[in-house]
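Colleague: Before I plan anything at the bench, I would like to go through this model with you, one question at a time. Please show it first.

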Amino acid sequence: MASSTVRPDNEDHDVAARLLLSSAKLSYDPAVDVDWDTPLDKDFHGQCPEWSTLYGTAYWDEMTEAQRKELTRQEVASIASTGIWFEMILQQMVLRDMYAKDPTDPRFQWALTEIADECRHSIMFGRSSAKLGAPPTGRAARSSSWAGSSRASPSARPRTRRSSSPRRSSTSCSGTGCGTPGSSPSSAPSATSTSSRSPGT
Ligand SMILES: [Fe+2]
């Protein structure tokens with residue numbers, strides 16, 4: 001008969017205490033541990049070009065090398081923005097789990113440390129995205145960018161279509177050649193393209 005895989009309470013306690021010590025040594029603070037003032041070298045791709053959504057397509061072939069690099073930078077910033085979304089989901093789950101637990105327990109303190117780590121990751125992702133030239137994302141940013149866009153004027157966004165298919169409206173254009181206005185390769189690395197794929201959608 002298989003033995004139980006549930007660890008004794010005191011063992012979990014020790015693990016949490018050890019993780020707390022480890023975190024104190026290994027956690028990075030994005031506000032002080034990264035030199036954000038160093039100019040971005042745009043001679044590099046943001047990620048391996050082979051990982052780009054357009055790599056190997058006719059659109060990719062049509063793009064200049066500078067456009068490809070810009071696209072990969074925008075894509076990795078978009079991925080980071082999605083990462084922030086998941087980090088926040090994790091943080092609120094851990095917070096809810098710990099809400100009424102014993103604050104003197106190292107397991108409780110480790111949970112808060114984990115939340116803080118995820119928060120630092122998110123700040124890192126956010127600052128990286130800004131450094132990569134990603135446009136603002138999220139609901140508020142999307143609203144303001146729509147308001148300032150000629151494509152987003154009320155006449156360009158029929159109310160009936162939005163109300164009948166809001167999900168399609170917000171995600172129908174990847175900005176990278178899906179056939180919607182402004183999605184040609186030349187505009188693929190644009191601000192509009194990435195914001196449409198933000199985690200806020
Ligand atoms: Fe994380």
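Colleague: What span should the 26 residues of α4 have, and how far apart are its end C-alpha atoms?

Modeller: This is a predicted model, and the comparison for α4 rests on a rise of 1.5 Å a residue. On that basis its 26 residues should span 38 Å, which agrees with the separation found between the end C-alpha atoms of α4, namely 37 Å.

Colleague: Which residues of α4 are buried, and against which helices do they pack?

Modeller: A residue counts as buried when 20 or more other C-beta atoms lie within 10 Å of its own. In α4 the residues that count as buried are W110, S122, M124, F125 and S129. These buried residues pack against two helices, α1 and α3.

Colleague: How do the axes of α3 and α4 lie, roughly parallel or roughly antiparallel?

Modeller: Two packed helices are described by the angle between their axes and the distance between the axes. For α3 and α4 the axes are 9 Å apart, and the packing angle is about 160°. The crossing in which α3 passes α4 is left-handed. Since angles over 145 degrees count this way, the orientation of α3 to α4 is roughly antiparallel.

Colleague: Which residues make up the largest nonpolar core, and which element gives the most to this core?

Modeller: In soluble globular proteins, nonpolar side chains tend to be buried together. Here the largest nonpolar core has 8 residues, V76, A77, A80, I84, M124, F125, L132 and A134. Two elements give two or more residues to this core, α3 (65-98) and α4 (106-131). The element that gives the most, with 4 residues, is α3.

Colleague: Which residues does A80 contact, leaving aside its neighbours within four places in sequence?

Modeller: A80 is one of the residues in the largest nonpolar core, and F125 is also among them. Once the neighbours of A80 within four places in sequence are left aside, its contacts are F125, S128 and S129.

Colleague: How many of the 18 residues of α1 are buried?

Modeller: Helix α1 covers residues 9-26, and at 1.5 Å a residue its expected span of 26 Å agrees with end C-alpha atoms that are 26 Å apart. Nevertheless α1 is hardly covered, as the number of its residues that count as buried is 0.

Colleague: Where α1 meets α4, which residues of α4 take part?

Modeller: The axes of α1 and α4 come within 8 Å and cross at roughly 35°, and α1 passes α4 in a left-handed crossing. From α1, the residues in these contacts are D12, H13, A16, A17, L19, L20 and S23. Their partners in α4 are P106, R107, Q109, W110, T113 and D117.

Colleague: Is G46 buried or exposed, and which residues does G46 touch?

Modeller: G46 has its place in the loop between α1 and α2. With 27 C-beta neighbours inside 10 Å, G46 counts as buried. Although G46 and Q74 are 28 residues apart in sequence, their C-alpha atoms are 7.4 Å apart in space. Not counting residues up to four places away in sequence, G46 touches T72, R73, E75, V76 and L132.

Colleague: How far apart in space are Q47 and T72, C-alpha to C-alpha?

Modeller: Q47 lies in the loop between α1 and α2 (58-62), and with 15 C-beta neighbours inside 10 Å this residue counts as partly exposed. Leaving aside neighbours within four places in sequence, Q47 is in contact with T72, E75 and V76. The separation of Q47 and T72 is 25 residues in sequence, whereas from C-alpha to C-alpha it is 5.6 Å.

Colleague: How far apart in space are L90 and E118?

Modeller: L90 lies in helix α3 and is partly exposed, with 14 other C-beta atoms within 10 Å. L90 and E118 are 28 residues apart in sequence, and their C-alpha to C-alpha distance is 8.1 Å.

Colleague: Across the protein chain, what percentage of contacts between residues at least 6 apart in sequence join residues at least 24 apart?

Modeller: The secondary structure of the protein chain comes to 8 helices and 0 strands, and of its 201 residues 20% count as buried. Among contacts between residues at least 6 apart in sequence, the share that joins residues at least 24 apart is 70%.

Notes
Residues numbered from 1 in each chain as written. Predicted model: local features only at pLDDT ≥ 70, side-chain atom pairs only at ≥ 80, totals over all residues. Core = buried A, V, L, I, M, F, W, Y, C linked by C-beta atoms within 7 Å. Buried ≥ 20, exposed ≤ 12 C-beta atoms within 10 Å, placed from the backbone. Contact = placed C-beta atoms within 7 Å. Expected span 1.5 Å × (residues − 1). Axes fitted to C-alpha atoms, helices over the stretch in contact; angles between N-to-C directions. Parallel < 35°, antiparallel > 145°, perpendicular 65-115°, else oblique. Left-handed = near helix turned anticlockwise from the far one by under 90°.
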